[in-house]
Amino acid sequence: LCTELQRNWITMLNRIKKLTPLSANHEPAHPWRRTAFRVANSMQFQGFVTVVIVINILLMATESHKQAKWWYDAMSNLNVLFVVIYMVEILIKVVAYLHAFFTD
């Protein structure tokens with residue numbers, strides 16, 4: 001009596017009902033990992049990374065054809081800075097979570 005769309009909807013609802021929450025990551029015992037874990041989970045760190053991403057997006061949006069040489073040089077230097085910041089973020093998170101960083 002149900003259409004195919006309705007059957008798909010019911011199937012999806014049943015799948016959603018079976019979902020369980022992800023397990024929380026527990027604070028590691030090792031001092032370096034514990035420090036990295038606290039940094040990675042701090043609101044300040046997450047806010048900083050978010051602001052860096054937004055600034056990076058805004059700067060990428062300013063790129064244009066035949067832009068001034070000084071702006072091209074500034075953008076190149078800023079891109080290096082952004083890459084360094086992103087690498088430090090990844091390093092902190094890998095130290096904090098180890099293999100769990102690569103799973104969802």
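**Note on the predicted four-helix model**

1. K66 is placed in the loop between helix 3 and helix 4. The model is a predicted one, and in it K66 takes a positive phi of about 60 degrees although it is not a glycine. With a relative accessibility of 75%, K66 counts as exposed, because the threshold for that class is over 50%.

2. A second positive phi belongs to L98, a residue other than glycine, where the angle is near 55 degrees. L98 sits in the segment after helix 4, and at 40% relative accessibility L98 counts as partly exposed. L98 also appears among the contacts of R33, once neighbours of R33 within four places in sequence are left aside.

3. As to the overall fold, the protein contains four helices and zero strands, and the pattern read along the sequence is α-α-α-α. Helix 1 covers 4-18, helix 2 covers residues 31-40, helix 3 covers residues 43-61 and helix 4 covers residues 69-97.

4. The dimensions deserve attention, since the radius of gyration of the protein is 22 Å, whereas a compact globule of 104 residues would have one near 13 Å. The C-alpha trace spans about 70 × 45 × 20 Å along its principal axes. Of the 104 residues, 15% count as buried, and the accessible surface comes to about 8700 Å², with 69% of that area belonging to carbon and sulfur atoms.

5. Turning to the N-terminal part, L22 lies in the loop between helix 1 and helix 2, and at 63% relative accessibility L22 counts as exposed. The C-alpha atoms of L22 and N8 are 25 Å from each other, with the two positions 14 residues apart along the chain taken as their separation.

6. Sequence-distant contacts are also present: among contacts between residues at least 6 apart in sequence, 57% join residues at least 24 apart. One pair that is distant in sequence is R33 and A96, which are 63 residues apart along the chain, while their C-alpha atoms are separated by 4.8 Å. R33 is found in helix 2 and is partly exposed, having a relative accessible area of 24%. Apart from neighbours within four places in sequence, R33 is in contact with P28, V95, A96, Y97 and L98.

7. The structure holds three aromatic pairs, and one of them is formed by F37 and Y97, whose ring centres are 5.7 Å apart and whose planes stand at 75 degrees, so the pair is edge-to-face. Because F37 belongs to helix 2 and Y97 to helix 4, this pair ties together parts that are 60 residues apart in sequence. F37 counts as buried at 10% relative accessibility, and Y97 is likewise buried, with a relative accessible area of 16%. Y97 is also one of the residues in contact with R33.

8. Another of the aromatic pairs is that of F82 and Y86, with ring centres 6.5 Å apart and planes at 20 degrees, so the pair is stacked, the limit for that class being under 30 degrees. The centre distance deserves a careful reading, because rings pair if their centres lie within 6.5 Å, and 6.5 Å is the value given for F82 and Y86. Both residues lie in helix 4, four residues apart, which is about one turn of the helix. F82 is buried, with a relative accessible area of 6%, whereas Y86 is partly exposed, with a relative accessible area of 23%.

9. What does N56 touch, not counting residues up to four places away in sequence? The residues are N79, F82 and Y86, so that N56 meets both members of the stacked pair. N56 itself lies in helix 3 and is buried, with a relative accessible area of 10%, because the class takes residues under 20%.

10. Regarding charge, the protein has 10 positive and 6 negative side chains, and the centres of these two sets lie 8 Å apart.

Technical notes. Residues are numbered from 1 along each chain as its sequence is written. This is a predicted model: local features need pLDDT of at least 70, side-chain atom pairs count only at pLDDT 80 or more; totals for chains, interfaces and linings use all residues. Side-chain values use heavy atoms; hydrogens and water are left out. Rings of Phe, Tyr and Trp (its six-membered ring) pair if their centres lie within 6.5 Å; planes under 30 degrees apart count as stacked, over 60 as edge-to-face and the rest as tilted. Helices (H or I, at least four residues) and strands (E, at least two) are DSSP runs, numbered from the N terminus. Buried means under 20% relative accessible area, exposed over 50%, partly exposed in between (1.4 Å probe, protein chains only). The radius of gyration is taken over C-alpha atoms; the globule rule is 2.2 Å times the number of residues to the power 0.38. Contact means heavy atoms within 4.5 Å. Accessible areas come from the Shrake-Rupley method with a 1.4 Å probe; for residues, only the protein chains shown count as cover. Lys and Arg count as positive and Asp and Glu as negative; His and the chain ends are not counted. The place of a charge is taken as NZ of Lys, CZ of Arg, CG of Asp or CD of Glu.
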